[in-house]
Amino acid sequence: MEQALKRLERVLELEKQQGYQNKAVVGGIRQFAAFWVSQANEEAGDESDLALVEQVSQVLVDYSHLPGKEARARAIDTLFQSIQRRRGRQSADSVASPVKEPPAKSATPSSPPESARKPAPAHTARQKAPRETPVTEDIETEPVDSEPVTVEPAIDYAQSGVKPDPQGLSQPVTAIKGVGQKIDEKLNKLGAKTIWELLYLFPRRYDDFTLMKPISKLQYGEQVTIIGTVWQTKVRRSRNNQPITESIVNDGTGSVQATWFNQPWLAAQLPAGMPIVLSGKVEMFLGRLVFNSPEWEPLEMEPLRTRRIVPVYPLTEGLTSAKMREVMQRAVKEWAPRVPDPLPLEIRKQRRLYSLPQAIQQLHFPDSQESMRQARRRLAYDELFLLQLGMQRQRRDWQDHSGMSLVIEDERFQAFMDSLPFQLTGAQQRVIDELCADMAQDRPMNRLLQGDVGSGKTIVAAAAMVIAAWSGAQAALMAPTEILAEQHYRGLCKLLEPLGLRVALLTGSTSAAERATIYEGLADGTIQIAIGTHALIQPAVRFHRLGMAVIDEQHRFGVDQRAALREKGPSDDGEPVSPHLLVMSATPIPRTLALSLYGDLDMSVLDEMPPGRQEIKTRWLRASERERAYNFIRRQTSEGRQAYLIYPLVEESDTIDARAAVEEYERLSREVFPDRRVGLVHGRLRPNEKDDAMRAFAAQETDMLVATSVIEVGVDVPNSTVIVIEGADRFGLAQLHQFRGRVGRGEHQSYCILIAEDVSADAEQRLTALEATNDGFVLAERDLELRGPGEFFGRRQSGLPELRFASLLHDTEVLAMAQEDAAALFAADPELVLPEHQLLAEQVRQFWEQAADVS
Ligand code: ADP
Ligand code: MG
């Protein structure tokens with residue numbers, strides 16, 4: 001019935017806009033009444049719907065006789081109220097007792113309830129006014145909005161004879177009538193081999209023809225639908241003898257011309273006097289508004305092309321949009337009702353979600369913007385729900401492991417704290433306390449430490465490692481690059497060796513002899529702390545008793561690599577014991593989001609910077625202003641500070657015209673800065689060369705370091721105050737923020753200079769965002785908006801399945817629901833073994849498999 005009501009509302013709205021002149025419809029409102037009532041009666045769901053139809057009919061039929069504007073306005077307002085009341089009743093009903101309402105005639109093959117078939121008895125209207133139907137009060141939650149969200153019974157196809165049919169859905173698309181080999185090929189190209197896949201080939205966008213307007217109000221350029229009468233149609237010839245069909249359509253407010261090219265037969269189909277619906281873009285011809293080749297149909301036809309929201313599909317060569325729509329229409333009509341719905345009915349009812357068949361149907365052929373929104377909401381919910389179920393499982397799997405309780409005496413720990421070169425920030429202190437509490441448990445810790453670049457995560461990790469080592473276990477710290485691993489090694493040796501701990505560095509470039517010694521030390525426990533790269537998770541590496549595993553810059557690692565490090569734990573009496581795990585990340589995610597996303601992790605946040613830090617001043621310069629950047633470096637270095645110069649690209653194979661770091665290094669050290677000591681580091685250097693360059697820079701033996709993105713993360717040389725990033729437009733926002741984090745790590749005012757020319761609109765947004773703020777959280781949100789979550793979180797690294805419908809940024813409400821529901825469902829049936837959860841179990845598997853494929 002919603003469709004009929006929408007139609008009515010549009011006409012009433014129009015009439016209101018036009019000042020109640022009875023001109024909203026050609027031939028007057030009365031004419032519309034007959035047309036509307038017949039349709040509405042068919043759509044009516046129950047007695048009170050029929051009563052409403054009767055009421056509307058009365059008002060519309062008498063409308064023209066109503067004396068004056070005010071009476072008419074009142075009459076129309078009464079109808080609006082009745083419609084609203086009916087909607088209120090519907091949404092209440094849909095919770096109390098699900099009422100099935102066909103979303104669209106075309107897609108729901110089930111027959112309407114008995115009551116709806118009865119012809120409207122003439123007396124019902126007066127007997128039973130709709131206002132007497134009480135609105136059910138006992139709704140648990142507020143409706144999403146005034147729009148009724150239809151909730152159908154679970155898979156209630158029994159009545160209609162339509163059953164879920166996974167086998168049928170798995171047939172090739174050729175099983176659909178009208179799809180032959182040629183269309184089949186095209187559809188395959190679009191990724192739809194089976195009917196099921198075809199149903200999930202959703203429109204790219206929609207043309208909303210539901211925006212109906214009186215002709216007198218048409219404006220150039222808008223996409224509208226009008227209803228009117230054909231006054232005249234004729235065919236004329238263009239200068240090159242092409243037939244042009246021209247119709248004049250009038251709706252009582254004005255006339256407009258519609259033109260079709262090369263379709264002379266249209267003239268016969270558009271005779272004068274025919275009521276017509278016309279949809280299209282308003283264009284201008286010789287100073288008049290016209291429609292060129294608009295979609296049209298006779299007024300009473302089923303609104304397939306016009307008067308609705310028309311889907312626009314991705315196309316491939318040789319497949320017209322008309323054909324595509326036709327195939328879809330057939331597929332959706334026949335097969336959408338057969339799609340099994342894995343979501344438990346309880347949840348669907350409580351969350352007011354569309355059934356899956358309904359959502360699919362509405363996403364293809366939406367009845368309204370609202371139903372499209374609801375359809376999307378359902379599919380977004382599904383994704384987030386599956387995501388959360390997977391998280392719950394990971395969390396549980398992890399907690400099933402036994403862990404080891406690691407505790408040391410307070411005085412001893414205090415001794416370590418006292419040995420630090422600085423006082424910890426409040427945030428660092430708090431996080432260390434959180435870690436201590438976790439490590440004391442015999443359940444393995446699983447914690448994410450978030451803190452913006454430079455917030456001091458390393459020292460927190462060091463504290464955890466010391467506790468592990470002093471309580472008889474070992475600790476490992478894995479970093480994504482050799483440079484970073486080496487830096488951590490240097491820093492931590494200074495800190496930990498005086499405490500009597502033995503620290504080793506294990507990377508891909510550790511010599512064979514050295515490696516053998518380290519393997520031995522790790523296996524017999526004489527080395528307490530291992531720092532390294534992926535080399536740490538090689539099968540040959542065995543720990544005597546790994547109790548604490550730290551992963552730095554965790555976004556640089558895949559899920560498997562994280563798992564591999566966890567598995568290095570010992571076994572007690574044959575049973576594996578997992579080390580405590582701490583993963584660290586400088587990618588700040590809004591807290592609620594992080595909790596849902598990393599639902600399997602506990603979280604700590606370093607939300608306070610070490611004292612004395614100043615805002616890094618960021619400027620974006622044109623390439624022509626490069627000289628200014630050099631002068632600036634000159635000044636800073638003469639004051640004893642140091643500078644980084646970053647160049648994109650590294651591989652010679654790279655075709656991007658970026659200035660290779662090597663060439664630039666030569667040029668800079670010879671021509672621009674002959675009086676400065678310039679270092680060079682890039683990914684193609686041999687490991688010891690890299691190490692030397694970094695060491696020299698850290699020891700202030702060089703003033704400047706020319707580098708590629710190898711120094712993006714983690715590198716810590718507090719004396720450097722300038723970073724110049726060439727080709728800044730080639731880097732992502734998160735990456736740029738990371739680079740910038742290389743400076744501003746000490747007491748001196750620091751600067752970041754971005755050099756980029758002729759940037760794209762996207763890049764411009766990134767660079768200006770960076771200029772505007774130093775706040776990693778703000779930038780992360782901006783980044784999330786600019787790139788979308790898939791890219792933002794780095795799907796490969798995060799091991800997250802791809803989300804097609806859900807937006808982690810905008811669907812926070814749905815995300816929260818999905819999280820809550822997943823937790824509840826998981827608590828009741830963690831293995832998803834109940835028969836009613838079989839489909840769901842399968843979906844979770846598929847959804848996460850897709851994620852595993854890419855990582
Ligand atoms: P990130 O969180 O980016 O990994 P680091 O752990 O590398 O940050 O720390 C950044 C810099 O701040 C380092 O030079 C470190 O020694 C210093 N630092 C860390 N904590 C403090 C503190 N509480 N007071 C002063 N300096 C600190
Ligand atoms: Mg770090």
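**Exercise 1. Find which side chain, among R613 and others, holds an N or O atom 2.7 Å from an oxygen atom of ligand 1.**

Solution. The side chain is that of R613: one of its N or O atoms is 2.7 Å from an oxygen atom of ligand 1. This is a predicted model, in which local features need pLDDT of at least 70 and side-chain atom pairs count only at pLDDT 80 or more, while totals for chains, interfaces and linings use all residues; side-chain values use heavy atoms, without hydrogens and water. Residues are numbered from 1 along each chain as its sequence is written, and chains are lettered from A and ligands numbered from 1 in the order in which they are written.

Continue with R745, which has a polar side-chain atom 3.0 Å from an oxygen atom of ligand 1. At S455 the partner is a polar backbone atom, 3.4 Å from an oxygen atom of the ligand. The protein covers 86% of the 570 Å² of accessible area that ligand 1 has on its own (Shrake-Rupley method, 1.4 Å probe).

**Exercise 2. Describe the residues that surround ligand 1.**

Solution. Step one is to count: 18 residues surround ligand 1, where a residue is near if one of its heavy atoms lies within 4 Å. Step two is to name the closest, which are G454, K457, T458, R613 and D716. Step three is to sort the shell by class: six residues are nonpolar, seven polar and five charged. Here Ala, Val, Leu, Ile, Met, Phe, Trp, Tyr, Cys and Pro count as nonpolar, Asp, Glu, Lys and Arg as charged, and the others, Gly among them, as polar.

**Exercise 3. State whether N262 and L832 are buried, partly exposed or exposed, and give the phi of N262 and of L832.**

Solution. Start from the general case: most residues other than glycine have a negative phi. N262 is not a glycine, yet its phi is positive, about 60 degrees. N262 is in the loop between strand 4 (255-261) and helix 10 (266-269); helices (H or I, at least four residues) and strands (E, at least two) are DSSP runs, numbered from the N terminus. With a relative accessible area of 41%, N262 is partly exposed. The cut-offs are under 20% for buried, over 50% for exposed, and in between for partly exposed (1.4 Å probe, protein chains only).

L832 also is a residue other than glycine with a positive phi, near 50 degrees. L832 lies in the loop between helix 30 (812-828) and helix 31 (838-854). L832 is buried, because its relative accessible area is 4%.

**Exercise 4. For V37, P421, K16 and S170, give the place in the chain and the C-alpha distance to a partner residue.**

Solution. Take the residues in turn.

- V37 is part of helix 2 (residues 29-43) and is buried, at 17% relative accessible area. From V37 to L50 there are 13 residues in sequence and 9.7 Å in space, C-alpha to C-alpha.
- P421 belongs to the loop between helix 15 (410-418) and helix 16 (426-440) and is exposed, at 65%. P421 and L495 are 74 residues apart in sequence, with 9.0 Å between their C-alpha atoms.
- K16 is in helix 1 (residues 2-17) and is partly exposed, at 36%. The C-alpha atom of K16 is 9.1 Å from that of R72, 56 residues apart along the chain.
- S170 is in the loop between helix 7 (166-169) and helix 8 (181-189) and is partly exposed, at 44%. S170 and W196, 26 residues apart along the chain, have C-alpha atoms separated by 6.0 Å.

Definitions and conventions. Polar contact = N/O pair within 3.5 Å; in protein donor to acceptor, adjacent residues only side chain to side chain.
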